[in-house]
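The following exercises are to be worked through with the sequence and the model side by side. Each task is followed by a solution in steps.

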Amino acid sequence: MKSDLFSSENMAQQATVPGMTLQNAKSVKYAVNGEMHARQGSMIAFRGNLRFERKSQGIGGMLKRAVTGEGLPLMAVTGQGEAWFAQEAANCFIVDIEQGDSLTINGRNVLCFDASLAYEIKTVKGAGMTGGGLFNSVFTGYGKLAVICEGTPIVIPVSHQQPVFVDTDAVVGWSTRLATSLHRSQSVGSMIRGGSGEAVQLKLEGEGFVIVRPSEAAPHRPAQN
């Protein structure tokens, strides 16, 4: 049987070392030897002796997810084997987090990560309860994190001289050391007249970067039981 479908770039090769690699632009391959974590429902294939179990977020994480519709529903993958992860054909990127690093990522943009990384669901300071994606996951420790993005992400430097304002539905993540607050770019009069649809943004100040996607997030779809 012959086809471009069977080209070498599409063929999955046996892993030689444990850990995370890009299978292609839309999926991540993880050679598991022990334990790793992934978002629930993101596994598309696996081989070997692997177990997939729902991972608790703790009481605080569950409450925040119930209130906001956001969060990071995880599963623990344990054993020995290979697994492939993807989410609605979104682009995949691997971030190497080193000791002392800290990265804030929206829960909807997390695909999978090493068990050596610590994460905590936190409220975005200054954001209150308005807007979307304002309960984010803060990753620290040492290891690899796979991030997904619908479309090609834009990484914007932030400095003390040039703060950056981002749509809360488009933000993917940012340097944790940045200060955050809500910024209203419309006058009350403009809002009464119908407004521009861009009334409130997340303001980031300090030294670092912010990652945004080239579109606003789709409306939240309730989880199916």
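**Exercise 1. Determine whether Glu205 is buried, partly exposed or exposed, and describe its salt bridge with Lys203.**

Step 1. Glu205 has a relative accessibility of 33% and therefore counts as partly exposed; buried means under 20% relative accessible area, exposed over 50%, and partly exposed in between (1.4 Å probe, protein chains only).

Step 2. The side chains of Glu205 and Lys203 form a salt bridge at 3.6 Å, N to O. The term requires a side-chain nitrogen of Lys or Arg within 4 Å of a carboxyl oxygen of Asp or Glu.

Step 3. Lys203 is likewise rated partly exposed, because its relative accessibility is 22%.

Two conventions apply throughout. The model is predicted, so that local features need pLDDT of at least 70 and side-chain atom pairs count only at pLDDT 80 or more, whereas totals for chains, interfaces and linings use all residues. Residues are numbered from 1 along each chain as its sequence is written, and side-chain values use heavy atoms, with hydrogens and water left out.

**Exercise 2. State how many salt bridges the structure holds, and locate the partners of the pairs Asp96–Lys144 and Glu150–Arg213.**

Step 1. The total is 6 salt bridges.

Step 2. Asp96 and Lys144 meet through their side chains at 2.6 Å, N to O. Asp96 belongs to strand E5 (residues 91–97) and Lys144 to strand E10, so that distant parts of the chain, 48 residues apart, are linked; helices (H or I, at least four residues) and strands (E, at least two) are DSSP runs, numbered from the N terminus.

Step 3. Both residues are partly exposed: Asp96 has a relative accessible area of 47%, and Lys144 one of 26%.

Step 4. The side chains of Glu150 and Arg213 form a salt bridge at 2.8 Å, N to O. Because Glu150 lies in the loop between E10 and E11 and Arg213 in the segment after strand E16 (208–212), this pair ties together parts that are 63 residues apart in sequence.

Step 5. Glu150 is partly exposed at 32% relative accessibility, whereas Arg213 is buried, with a relative accessible area of 9%.

**Exercise 3. Identify the ring pairs in which Phe113 takes part, and give their geometry.**

Step 1. A search of the whole structure yields 4 aromatic pairs. Rings of Phe, Tyr and Trp (its six-membered ring) pair if their centres lie within 6.5 Å; planes under 30 degrees apart count as stacked, over 60 as edge-to-face and the rest as tilted.

Step 2. Phe113 and Tyr119 are edge-to-face, with 5.6 Å from centre to centre and 70° between the planes. Phe113 is buried at 0% relative accessibility, while Tyr119 is partly exposed, with a relative accessible area of 21%.

Step 3. Phe113 and Phe139 also form an edge-to-face pair, at 5.0 Å centre to centre and 75° between the planes. Since Phe113 lies in strand E7 and Phe139 in strand E9, the pair joins parts that are 26 residues apart in sequence.

Step 4. Phe139, like Phe113, is buried. Ring pairs thus link Phe113, Tyr119 and Phe139 into a cluster.

**Exercise 4. Describe the largest nonpolar core and the surroundings of Cys112.**

Step 1. The largest nonpolar core has 17 residues, and those with the most contacts inside it are Val28, Met36, Phe85, Leu111 and Cys112. Such a core is a set of buried Ala, Val, Leu, Ile, Met, Phe, Trp, Tyr and Cys residues joined through side-chain atoms within 4.5 Å.

Step 2. At least two residues of this core come from each of strand E2 (27–39), E4, strand E7 (110–114) and strand E10 (143–149). E2 supplies the largest share, 5 residues.

Step 3. Beyond its neighbours within four places in sequence, Cys112 is in contact (heavy atoms within 4.5 Å) with residues including Met20, Val28, Met36, Phe85 and Lys144.

Step 4. A second, separate core of 14 residues includes Ile97, Ile105, Leu117 and Phe139.

**Exercise 5. Give the strand order of the open sheet formed by 6 strands, and name its edge strands.**

Step 1. The order is E8-E9-E6-E13-E16-E11, with antiparallel pairing; two strands pair if DSSP finds at least two bridges between them.

Step 2. Strand E8 (117–123) and strand E11 (154–158) are the edge strands, each pairing on one side only.

Step 3. E8 is joined to strand E9 (residues 135–141) by 7 bridges. Lys122 stands opposite Asn136 in E9.
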